[in-house]
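Biologist: I'd like to learn how to read backbone angles and burial in a model like this one. Can you walk me through it?

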Amino acid sequence: MDMAQYLAAGVFVDCDSPQLIAFTKKAVKGEADADAAILRLYSTVRDSIVYDPYVSLADPANYRASSVLAAGRGFCIGKSALLAASARVIGVPARVGYADVRNHLTSPRLYEMVKTDTFMWHSYTELFLSGRWIKATPAFDRALCERIGLKPLDFDGATDSLFQPFDGAGRRHMEYLKDRGAFADVPFETIKADFITYYPRLMGGGGLAGDFRNEAVAETMTPPAPPAGEKAG
């Protein structure tokens with residue numbers, strides 16, 4: 001396997017950004033051990049960058065590591081790109097992976113826009129540690145998780161950390177449906193095309209106005225009941 005592509009700067013995993021390099025150095029705090037440094041990077045990206053799916057999904061800046069860092073907020077794809085880029089800065093091969101999931105945390109307004117509890121292209125980061133690829137998902141920040149009663153997703157550097165299967169009350173929270181594979185850089189055009197097809201209302205504007213953290217709920221939204229006299233399809 002050619003590891004060079006997982007260490008080089010990409011259009012979206014832009015590990016050559018001076019601001020991103022500075023962010024990485026500050027986060028690892030001089031830690032020389034790569035595994036320990038990755039754990040610091042994971043928690044920093046997870047918690048210092050606000051999870052916000054209300055950003056414009058049509059804007060490529062929200063998929064780019066350095067832009068997400070500058071904004072201080074982003075959704076799962078941008079945050080995973082940021083973790084991958086930061087890992088490359090310290091010499092750890094990294095790539096971005098994707099899966100379709102069900103029971104992703106949402107908000108009433110977001111559900112109203114997408115009308116589904118299936119979310120395509122949910123992103124994680126794959127890190128090459130101890131001779132193998134390990135998955136880590138830095139999407140949901142600690143403050144958001146604590147607000148909705150969800151345990152923050154931890155990463156130990158040795159086992160895959162994909163999503164929380166249950167919320168804090170033991171209710172099913174997220175379910176893995178389909179693995180879309182891992183890439184050296186964010187496949188923006190492919191993702192955009194699918195989002196336009198399946199989430200057209202989200203792709204038509206500049207994102208949802210408002211504060212996702214204050215509107216978020218941990219359980220799947222229930223589809224609206226059909227009008228009286230009609231059967232659910």
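**Reading phi and burial**

Modeller: Let's start with Ser130, which is exposed, its relative accessible area being 65%. Keep in mind that this is a predicted model. Ser130 sits in the loop between β4 and β5 (132-136).

Biologist: What is the phi of Ser130 near?

Modeller: General idea to begin with: most residues other than glycine have a negative phi. Here, Ser130 has a positive phi, near 55°, and it is a residue other than glycine.

Biologist: Where is Lys115, and what is its phi?

Modeller: Lys115 lies in the loop between α5 (108-114) and β4. Its phi is positive, about 55°, although Lys115 is not a glycine.

Biologist: Why is Lys115 called partly exposed?

Modeller: The label goes by relative accessible area: under 20% is buried, over 50% is exposed, and partly exposed is in between. Lys115 comes out at 42%, so it is partly exposed.

Biologist: Now for the strand. Is Glu126 buried or exposed?

Modeller: Glu126 belongs to strand β4 (residues 118-129). Its relative accessible area is 6%, so Glu126 counts as buried.

Biologist: Which side chains does the side chain of Glu126 join in polar contacts?

Modeller: One polar contact, of 2.5 Å, links the side chains of Glu126 and Arg95. Another links the Glu126 side chain with that of Lys135, at 3.1 Å.

Biologist: And which residues is Glu126 in contact with, leaving aside neighbours within four places in sequence?

Modeller: Setting those neighbours aside, Glu126 is in contact with Pro93, Ala94, Arg95, Trp133, Ile134, Lys135 and Ala182.

How values were computed:
Residues numbered from 1 in each chain as written. Predicted model: local features only at pLDDT ≥ 70, side-chain atom pairs only at ≥ 80, totals over all residues. Heavy atoms only, no water. Helix = DSSP H or I, 4+ residues; strand = E, 2+ residues; numbered from the N terminus. Buried < 20%, exposed > 50% of the residue type's maximum accessible area, 1.4 Å probe, protein only. Polar contact = N/O pair within 3.5 Å; in protein donor to acceptor, adjacent residues only side chain to side chain. Contact = heavy atoms within 4.5 Å.
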